[in-house]
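Hi,

Here is the structure I promised to pass on. Have a look, and my notes on what turned up follow below.

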Amino acid sequence: MIDNMFRRAVPTTATPVPAPPYAPTSSTSTFDPNTLTNPIQIAGSSASFNTLLHSNRIVVVFFTSDTCPPCGMIAPVFKQIAEDKNRPGVAFVEVNMQNSMTGAAAVAREWGITATPTFLFFLDGTKRSELKGANAPELKTQVDLLFFEAFPPHPHTKLDLPTIRKTSLSPIIYTQPPNFDAALAKLSSFVDASPNVADKDSCKRTVSDAVAPKLKARFPPTGGKDKSAVPPNLTPDFLTGFAKVSRDLLNALPAAELFPVIDLWRIAVLDAEVANWLSLSSARADGKETDITGLIFSKVREAQDSSPSGAPRNLLLTTLRLASNCFAHTTLARHVLTPSATAISPTPPRSLLTSILVPALLHDDVSTRTAAASLAFDVAAYVQKPLMEQARNGNNMSANQNIDGQSDGEWEVEMISALVEALGKEDASEEVVHRLTASLAFITHLSPYFSDSLGPLLEVLSAKDVLYRKLEAGGCGEKGVVKDEIRRLIRETGSLSYSAV
């Protein structure tokens, strides 16, 4: 099919001085949100036409006329292609030549258009080919060729990776409710012993009489669920009160005594309303006071930085599980992975989360490493999901694009480095190896930074050797990795190395 594309393309003939090469700037938007409903833009003058050429990588132009029957036949095809291919950096443009005195007619004269329908195809401001007539198959072919040149398929799409592509992208979450009575007793003893809690009785009353009963009713023990009972709504007023008492406790208690509070939020964020409420904290006037996930992550990082042994185990383990549960809902996942500073946090939320995750991957305690590997899986799956959707739709990302603000080269380099190091040192738990390998595969698989950054990095880190050692005796347990599914995943992830492409 590609050969046919090249064979049938009409060579470019002499044209007026072409538009300057594509050079997007911060001051010129390359994507109009309105095109989501009307993906075809109208060029009524040379100025508007040249602006489109300057600000888009791909421009497909349809020269038409109201009195042209073939134009009416091909117009729905052009519109459907525009809807299917609509994305930032791409413009589908209509130039109506009906009135010879209009600016649109001037554009047609400028480009030597004498008949309709005629299509021009531009890449980076340069005309690549031309199509005359209402030839729908050829129009589709020429558009596909243009996209293939501008956004070549990721090299890994050519590899046979059935295990990676069939691995579920659903997050690993912790749904077991805490033992509320035990958590309350523990928290009460911590409050009583603390010299920093101002109003101990009020604090304990709020947690025991308002917070815990509602959470207990919303998340009853697995064996004690009443299927006919309607779970209570966790309203904004309730959440504001819960956040206030939590903030007071998080700021008053020592790091080793924070885990009961965090465990309450660990189960609470599984509620969609709680997740949405937390995700909108930066948009509220009291956002700094109610951004509980940000405060918790900050407290854990402070504990890590203040002690050679790192954060207390219970604090770290509970926080890692809370962070994993944040991925139960897209809104909160997006919030905790925000890559830039916000109105309420000078430190980007993703930086906070990563600063907790990376050292936890190497923790001495296997339960903590398992929780860290689970969180790494959730993060990587969240990044992988939109890339998979793009690939299925034939829209391949380039390194200057960013899906949902979550993918960038420097962060991916940090994650890949941490995952390979953790894999190299993990010789006890096959489950940890499984989750680390899946995380590595997800970040590497369709990354737009693979060729320039990640591939060379994987080669420098000898990632393939690190992975394949897990299959050998002593690489993970006495016999190495045993489960066939994990062994297949390791081999496929190893094939993503730079030299294999």
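I'll begin with one serine: leaving aside residues up to four places away in sequence, S279 touches T331, L332 and H335. Bear in mind that this is a predicted model. S279 belongs to helix α11, which covers residues 272-279. Is S279 buried or exposed? S279 counts as buried because its relative accessibility is 14%, and the cut-off for buried is under 20%. Its side chain also makes a polar contact, reaching the backbone oxygen of N276 at 2.7 Å.

Now for the chain as a whole. There are 22 helices and five strands, and 49% of the 501 residues count as buried. If you take the contacts with a separation of 6 or more, 74% of them join residues 24 or more positions apart. The chain exposes about 22500 Å², with carbon and sulfur atoms supplying 53% of that area.

Next, the enclosed spaces. How many cavities of 30 Å³ or more does the structure hold? The count is five, and the largest cavity has a volume of about 50 Å³. Its lining is made up of L440, T444, L458, A463, K464, L467, T493, G494, L496 and S497. Three elements each give two or more residues to that lining: α19 (430-445), α21 (463-469) and α22 (484-494). Of these, α21 gives the most, with three residues. Sorted by class, the lining residues of the largest cavity come out as five nonpolar, four polar and one charged.

You may also want to look at one of the pockets. The second largest pocket holds about 320 Å³ of space. It is lined by 16 residues, and F259, D263, R266, T318 and R321 are the closest to its centre. Which elements give two or more residues to the lining of this pocket? They are α7 (180-193), α10 (259-268) and α14 (313-325). Here α14 gives the most, with five residues. The class split for the second largest pocket is seven nonpolar, four polar and five charged residues.

That's what I have for now. Shout if anything looks odd when you open it up.

Cheers

Methods. Residues are numbered from 1 along each chain as its sequence is written. This is a predicted model: local features need pLDDT of at least 70, side-chain atom pairs count only at pLDDT 80 or more; totals for chains, interfaces and linings use all residues. Side-chain values use heavy atoms; hydrogens and water are left out. On a 1 Å grid over the protein atoms alone, a cavity is a set of points where a 1.4 Å probe fits but cannot get out, and a pocket is an open set with protein on both sides within 12 Å along at least five of seven lines; lining residues have an atom within 4 Å of a point. Grid points are joined across faces, edges and corners, and a volume is the space filled by probe spheres set on the points. Helices (H or I, at least four residues) and strands (E, at least two) are DSSP runs, numbered from the N terminus. Ala, Val, Leu, Ile, Met, Phe, Trp, Tyr, Cys and Pro count as nonpolar, Asp, Glu, Lys and Arg as charged, and the others, Gly among them, as polar. Buried means under 20% relative accessible area, exposed over 50%, partly exposed in between (1.4 Å probe, protein chains only). Contact means heavy atoms within 4.5 Å. Accessible areas come from the Shrake-Rupley method with a 1.4 Å probe; for residues, only the protein chains shown count as cover. A polar contact is a pair of N or O atoms within 3.5 Å; within protein, one must be able to donate a hydrogen and the other to accept it, and residues adjacent in sequence count only if both atoms are side-chain atoms.
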